[in-house]
Amino acid sequence: MRRSVLVIVCLWATVVAGLTSAPPSSPRAAPAPPAPAQATTPPAAYVGSDTCVLCHTEQEATLTGSKHAQAKNPRSPAAANGCESCHGPGQAHVDDDAKGNIRKFAQMKPAEVSETCLTCHNRGAHAGWEGSAHDRRNLSCATCHSVHSPKSPERQLVQSTETQVCATCHRLQVTKTERAVAHMPVREGKMSCSSCHNPHGSITNVKNLKTGSSVAELCTSCHTEMRGPMLFEHAPVRENCATCHDPHGSSNDRMLAVRMPMLCQRCHIASRHPATLYDKDQITTSKSNRMFGRSCVNCHSQVHGSNHPSGQFYMR
């Protein structure tokens, strides 16, 4: 018992001696000073449409009643930053005596103009704009549309009608529609270029067709009586209606690209009747009935295809 007490006392003395001989503990390291904050560019300031109206009263008036001024529509500029939604923040423009530092679409490149419009108009019919035929030719949305000075009641076009807008570039096609034998609904205003084409581009075909991926699919969306399948199909009809017809109009009956029987003889030559090309002798000497009236269609009336068991020659 005495020995155990002696051992404990010795151990306690050793511990106390070690503590008294240990070097004093170093004070806790002070926290490192915070790194200096990096200088950041303050966000561009918006001044609000009320400030824009102080100078641009006429431009503001043109927006009244348009879709861009509908504040209840969350996707309209009026629901966001108003004028600055399209033209950019205006504080630098207000402070600039030269009145720069703002998006002026008349002075911007076409791609930059379209990029601004695509921030909102990037869905539905506008989804195929980038890389489309009009985009590749450096046209912009402002080429056909005007936000502040539209001439048409619909779509804010730069001309009073859609046909007039398309005619500024597509003169040949629009002129064809004015011929006596052409698409009658176009002249009557029941159809327009956008009835068949999507001017904002297509992701399925190269002709900017609005429906389907081929001319035949587009045409049969209205001319359903020509849609197959047929028991006896006519190859040109299945491939492309424009092989025989000019969809924009023609000087020939039924908007044919070439007058019959010459139209048929572009493919059917040196076979059956006649064995040679139709010429003046067919009119003067032979007096062929195939040179007049409905020509080849006098007999081959089912030229678009036949479902009759014996209609392999497209006859009645």
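Helices and strands are here DSSP runs, a helix having at least four residues and a strand at least two, numbered from the N terminus. Read in that way, the protein chain follows the pattern α-α-α-α-α-α-α-α-α-α-α-α-α-α along its sequence. That amounts to 14 helices and zero strands. The model is a predicted one.

**Confidence**

The protein chain has a mean pLDDT of 82, with 83% of its residues at 70 or more. By element, helix α1 (residues 2-21) has the lowest confidence, a mean of 50, while helix α8 (residues 141-144) has the highest, at 94. Residues 19-27 have a pLDDT below 50, and this stretch makes zero contacts in the model beyond near neighbours in sequence. Where pLDDT is low, the predicted coordinates should not be read in detail.

**Overall packing**

The protein chain has 316 residues, of which 23% count as buried. Among its contacts with a separation of 6 or more, 43% are between residues 24 or more positions apart. Helix α6 (residues 110-118) gives a local example of burial: Val113, Ser114, Thr116 and Leu118 are buried there. The cover over the buried residues of α6 includes α4 (84-87) and α8.

**Three residues outside the helices**

The table gives the relative accessibility of three residues, each discussed below.

| Residue | Location | Relative accessibility |
|---|---|---|
| Ser295 | segment after α14 (280-284) | 3%, buried |
| Ser76 | loop between α3 and α4 | 5%, buried |
| Lys99 | loop between α5 (91-95) and α6 | 35%, partly exposed |

Ser295 counts as buried because its relative accessibility is 3%, under the 20% cut-off. Apart from neighbours within four places in sequence, Ser295 is in contact with Met260, Pro261 and Arg290.

Ser76 lies in the loop between α3 and α4, and its 5% relative accessibility is likewise the reason why Ser76 counts as buried. A polar atom of the Ser76 side chain is 2.8 Å from the backbone oxygen of Asn73. With neighbours within four places in sequence left aside, the contacts of Ser76 are Lys67, His68, Gln70 and Ala71.

Lys99 is placed in the loop between α5 and α6. At 35% relative accessibility, Lys99 falls between the 20% and 50% cut-offs and therefore counts as partly exposed. Residues up to four places away in sequence not being counted, Lys99 touches His93, Val94 and Lys104. For Val94, the backbone oxygen lies 3.1 Å from a polar atom of the Lys99 side chain.

**The second largest pocket**

The second largest pocket has a volume of about 550 Å³. Its lining consists of 25 residues, and those closest to the centre are Cys52, His56, His87, His93 and Ile102. One of these, His93, is also touched by Lys99. Several helices take part in the lining: α2 (49-53), α3 (57-63), α4 and α5 each supply at least two residues. By class, eleven of the lining residues are nonpolar, nine are polar and five are charged. Helix α4, which contributes to this lining, is also part of the cover over the buried residues of α6.

Notes
Residues are numbered from 1 along each chain as its sequence is written. This is a predicted model: local features need pLDDT of at least 70, side-chain atom pairs count only at pLDDT 80 or more; totals for chains, interfaces and linings use all residues. Side-chain values use heavy atoms; hydrogens and water are left out. pLDDT is the predictor's confidence in each residue, from 0 to 100. Contact means heavy atoms within 4.5 Å. Buried means under 20% relative accessible area, exposed over 50%, partly exposed in between (1.4 Å probe, protein chains only). A polar contact is a pair of N or O atoms within 3.5 Å; within protein, one must be able to donate a hydrogen and the other to accept it, and residues adjacent in sequence count only if both atoms are side-chain atoms. On a 1 Å grid over the protein atoms alone, a cavity is a set of points where a 1.4 Å probe fits but cannot get out, and a pocket is an open set with protein on both sides within 12 Å along at least five of seven lines; lining residues have an atom within 4 Å of a point. Grid points are joined across faces, edges and corners, and a volume is the space filled by probe spheres set on the points. Ala, Val, Leu, Ile, Met, Phe, Trp, Tyr, Cys and Pro count as nonpolar, Asp, Glu, Lys and Arg as charged, and the others, Gly among them, as polar.
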